[in-house]
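Please open the model in a viewer and keep the sequence panel at hand. The tour below proceeds by selection, one stop at a time.

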Amino acid sequence: MPDVNISSTNNLLEKMKDMGNGTHARVIATAVVNSDGTSASVLPAGTNRSGAITTGGTAQSLAPANAARKMLSGQNISAGDLWINEIGGAAAIDAAGSYKITAGASFKINTNQAVSIIGATTGQKFTATET
């Protein structure tokens, strides 16, 4: 039996997919469509927020406040610990209000507030993407 479209409304496509072994699977896909009928990306383009600690022991901006932010994710790619403050304040080493990101650990932040970062040593690296 060939693939069968069940419905296609409101940017939602529902079909029965022939699995080739006598069975079918229900497939539901969503899409954003431009006014001319062409597909538009539903994923935001990320903004690179990667960097390094410019002055050890001093908080710096990881990402400014952004009302449109969906997520800020990243990883500590240095050998030492980093700390992040996600509520608009200055990050501080081993202090309340800052989250410790150990060497190699990843983080995901869901806030539209400014995010700051601090590490004990100049040159500590981190990778981060804002979407």
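The stops that follow begin with the whole chain and then turn to individual residues.

**The whole chain**

Select everything first, bearing in mind that this is a predicted model. A cartoon display shows 14 strands and zero helices. The chain comprises 131 residues, of which 23% count as buried. Among contacts with a separation of 6 or more, 62% are between residues 24 or more positions apart. In a surface display, the chain exposes about 7,900 Å², with 53% of this area supplied by carbon and sulfur atoms.

**Strands β9 and β12**

Next, select residues 72-76, which form strand β9, together with β12; the two strands run antiparallel and are joined by four bridges. Strand β12 itself covers residues 106-109. Show its side chains: which of them point to the buried face? Phe 107 and Ile 109 do, whereas Ser 106 and Lys 108 point to the other face and are not buried.

Centre the view on Phe 107, whose bridge partner is Gly 74. The C-alpha atoms of Phe 107 and Gln 75 are separated by 6.1 Å, although these residues are 32 apart along the chain. Phe 107 has a relative accessible area of 8% and is therefore buried, the limit for this class being under 20%. Beyond its neighbours up to four places away in sequence, Phe 107 touches several residues, including Leu 62, Leu 72, Ile 84, Ile 101, Thr 127 and Ala 128.

**Ser 116 in strand β13**

Move to residues 115-119, strand β13, and pick Ser 116. Is this residue buried or exposed? Its relative accessibility is 8%, so Ser 116 counts as buried. Display polar contacts from the side chain of Ser 116: where does it reach a backbone oxygen? The oxygen belongs to Gly 89, at 2.8 Å. A polar atom of the same side chain, that of Ser 116, lies 2.7 Å from the backbone nitrogen of Ala 91. Leaving aside neighbours within four places in sequence, the contacts of Ser 116 also include Gln 60, Ser 61, Leu 62, Trp 83, Ile 84 and Asn 85.

**The salt bridges**

Now colour the charged side chains. Side chains of opposite charge can pair when their charged atoms come close. The structure holds three salt bridges, and Arg 49, Arg 69 and Glu 130 are linked in a network of them.

Select Glu 130 and Arg 49, whose closest N and O atoms are 2.7 Å apart. Glu 130 is in strand β14 and Arg 49 in the loop between β6 and β7, so this pair ties together parts that are 81 residues apart in sequence. Glu 130 is buried at 3% relative accessibility, while Arg 49 is partly exposed at 24%.

Add Arg 69, which meets Glu 130 in a salt bridge at 2.5 Å, N to O. Because Arg 69 lies in the loop between β8 and β9 and Glu 130 in strand β14, the pair ties together parts 61 residues apart in sequence. Arg 69 is buried, with a relative accessible area of 8%.

For the last stop, select Asp 81 and Lys 100, which form a salt bridge at 3.4 Å, N to O. Asp 81 lies in the loop between β9 and β10 and Lys 100 in strand β11, so the pair ties together parts that are 19 residues apart in sequence. Asp 81 counts as partly exposed, at 25% relative accessibility.

Methods. Residues numbered from 1 in each chain as written. Predicted model: local features only at pLDDT ≥ 70, side-chain atom pairs only at ≥ 80, totals over all residues. Heavy atoms only, no water. Buried < 20%, exposed > 50% of the residue type's maximum accessible area, 1.4 Å probe, protein only. Polar contact = N/O pair within 3.5 Å; in protein donor to acceptor, adjacent residues only side chain to side chain. Contact = heavy atoms within 4.5 Å. Pairing = 2+ DSSP bridges. Areas by Shrake-Rupley, 256 points an atom, 1.4 Å probe, with all protein chains shown as cover. Salt bridge = Lys/Arg side-chain N within 4 Å of Asp/Glu carboxyl O.
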